[in-house]
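Work through these exercises with the model open beside you. Try each task before you read its solution.

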Amino acid sequence: MTVSIRRRHFTLALPALAALAQPALARSPSSLTLGMTLEPPGLDPTAGAASAIAEIMLYNVFETLTKIRPDASVGPLLAQSWHSSPDLKQWTFHLRDNARFSNGAPLTAQTVQWAFTRAASEGSTNKDRRTFTAMRQIAAPDERTVRIELEQPDADLPFKLGQATAIIAEPGSAAGNATRPVGSGPYVLDKWQRGASLTLKAWPQWREAGAIAIGRAVFRFISDPAAQVAALLAGDVDAFVRMSERGAARLKADGRFALLQSGSRAKTIVAFNHRHAALRDVRVRRALCAAIDRQAVLQAGQNGLGTPIGSYYTPGSPGYVDLTGVNAYDPDKARQLLKEALPDGPLSLTLTLPPTPYARQGGEVVAAQLAQAGVRVKVQNVEWAQWLSHVYGQAQFDLTLISHVEPLDLGNWSKPGYYWGYENPAFNALYERLRASADEGERLKLLEQAQRLLAEDAAAIFLYQPHWLTAARKG
């Protein structure tokens, strides 16, 4: 059993193109050019946190034991079936017998055992390493059976093993996956022109090669909203995902394009570095939350395309509760709390912004509103690689505006050493109860409690759930 928390991965295999097919792509072309705002820093989903890696590679080049469907249910992929013990601590997965890697190597239970052991190893760079260190034993009793014994019960393990961090890599080539990926999926890397585009081509020897509708896909990386629109108008790209609402306005009157809007499971937040002395004080955090008008930031960053949130959870998800009133916009309260917590002088903070338009544009509003509350804010714009290295990797920041797109990631708030440095034993205990429960009613109650605790503790400035906009050429 798993909680139905959704994310639409932009992959060729099913989710995004299945959505585009109605009505934008009424037929499946033999080749397709897709626009993306961000370029992945590498191609190995186990080696980096950038969501762009999975959006290109997951289910296309790399595969997992399970597959998260667009409706958030979990289906078979490399594992044809699975079951758990009543206490949810032992899981058995039965593998398909016709999977192999594009270099010809077979994919067996021993391969899975190696991949998960590697993900849990001391030197692992997997951002979900904790999922694998929680595996007390990974056994391969035969070539088609994987048996996993967990330290603690985990009802969501099949869901977690369908995410990009759980890809099954080929042992002999895994070290080169960042630039020369070898997977078991329907596509292989054709070429990668850094800074411009990446091309995947169908793998003729894939186990179900006849089902591959798109033989060649080019991902073009265009960060500027005006250039995104120009590329569509010129016919240089067939579809653009997560494009700017401002840019899309030019396409609405053009009969050649279809504009598709979808929700997301992304949470756009201003993350606090809880290691900062002042930010360890909940009064300061609540003050910063009260200083921010969510709707104004949403308008600046997404042109209003989204829904304000009050905790680290999105509308439409099971157990969601609207907590936007917990730390509502109240500049007077913000100033009062800051004066009470910091009587000796104003607070000075640096707001680090990645290059995405929502962050740069929304960040301007955040900085201005914090300044109105008496906070001295220095805005620092960085490129994506710098954000990943310095903010996410080394926690060198005070505040940062970022959208977390991963599903089922409430557990990041209990993760030791995570970049925002949040530590709350009460939340940790609550999350462990959630993870161990197989009862849907109890899980929904625990999800509500977890959301409320994060909101009341002002763990971050929870801003909004973005809605994604895709523009596609008709036909």
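**Exercise 1.** Find the handedness of the crossing of α9 and α11, then list what makes the contact.

Solution. Step 1: the crossing of α9 and α11 is right-handed, where right-handed means that the near helix is turned clockwise from the far one by less than a right angle, and left-handed that it is turned anticlockwise. Step 2: α9 supplies A296, V297, A300, G301 and Q302, and α11 supplies Y358, Q361, G362, V365, V366 and Q369. Contact means heavy atoms within 4.5 Å. Step 3: sort these residues by class, and the contact has 6 nonpolar, 5 polar and no charged residues. Here Ala, Val, Leu, Ile, Met, Phe, Trp, Tyr, Cys and Pro count as nonpolar, Asp, Glu, Lys and Arg as charged, and the others, Gly among them, as polar. Step 4: check the geometry. The axes of α9 and α11 (residues 357–372) come within 7 Å and cross at roughly 150°. That makes α9 roughly antiparallel to α11, a label for angles over 145 degrees.

The model is predicted: local features need pLDDT of at least 70, side-chain atom pairs count only at pLDDT 80 or more, and totals for chains, interfaces and linings use all residues. Residues are numbered from 1 along each chain as its sequence is written, and side-chain values use heavy atoms, with hydrogens and water left out.

**Exercise 2.** Place L305: is it buried or exposed, and what does it touch?

Solution. Step 1: L305 sits in the loop between α9 (294–302) and β14 (306–308). Step 2: its relative accessible area is 12%. L305 is therefore buried, the cut-off being under 20%, with exposed over 50% and partly exposed in between (1.4 Å probe, protein chains only). Step 3: leaving out residues up to four places away in sequence, L305 touches E245, Q261, L298, P466, H467 and L469.

**Exercise 3.** Write the strand order of the 7-stranded sheet and find its edges.

Solution. Step 1: the order is β8-β9-β10-β1-β11-β19-β12, an open sheet with mixed pairing. Strands pair if DSSP finds at least two bridges between them. Step 2: β8 (187–193) and β12 (257–262) each have a single partner strand, so one side of each lacks a neighbour in the sheet. Step 3: follow β1 (residues 31–36). 5 of its 6 residues are buried, so β1 is largely enclosed by the rest of the structure. β1 runs parallel to β10 (residues 216–221), joined by 6 bridges, and M36 has F221 as its bridge partner. β1 also pairs with β11 in the parallel sense, over 2 bridges. There L34 partners A239. Step 4: move on to β19 (residues 468–473). β11 and β19 run antiparallel, with 2 bridges, and F240 is partnered by A471.

**Exercise 4.** Which strands are the edges of the 4-stranded sheet, and which helix lies across β6?

Solution. Step 1: the order is β4-β5-β7-β6, in an open sheet with antiparallel pairing. Step 2: β4 (79–84) and β6 (135–142) are the edges, each with a single partner strand, so one side of each is left without a neighbour in the sheet. Step 3: β6 pairs with β7 (residues 145–150) over 5 bridges, and M135 stands opposite L150. Step 4: helix α3 (residues 109–120) lies across β5 (90–95), β6 and β7, running at about 165° to β6.

Technical notes
Axes are lines fitted to C-alpha atoms, for helices over the stretch in contact, and angles run from 0 to 180 degrees between N-to-C directions. Angles under 35 degrees count as roughly parallel, over 145 as roughly antiparallel, 65 to 115 as roughly perpendicular and the rest as oblique.
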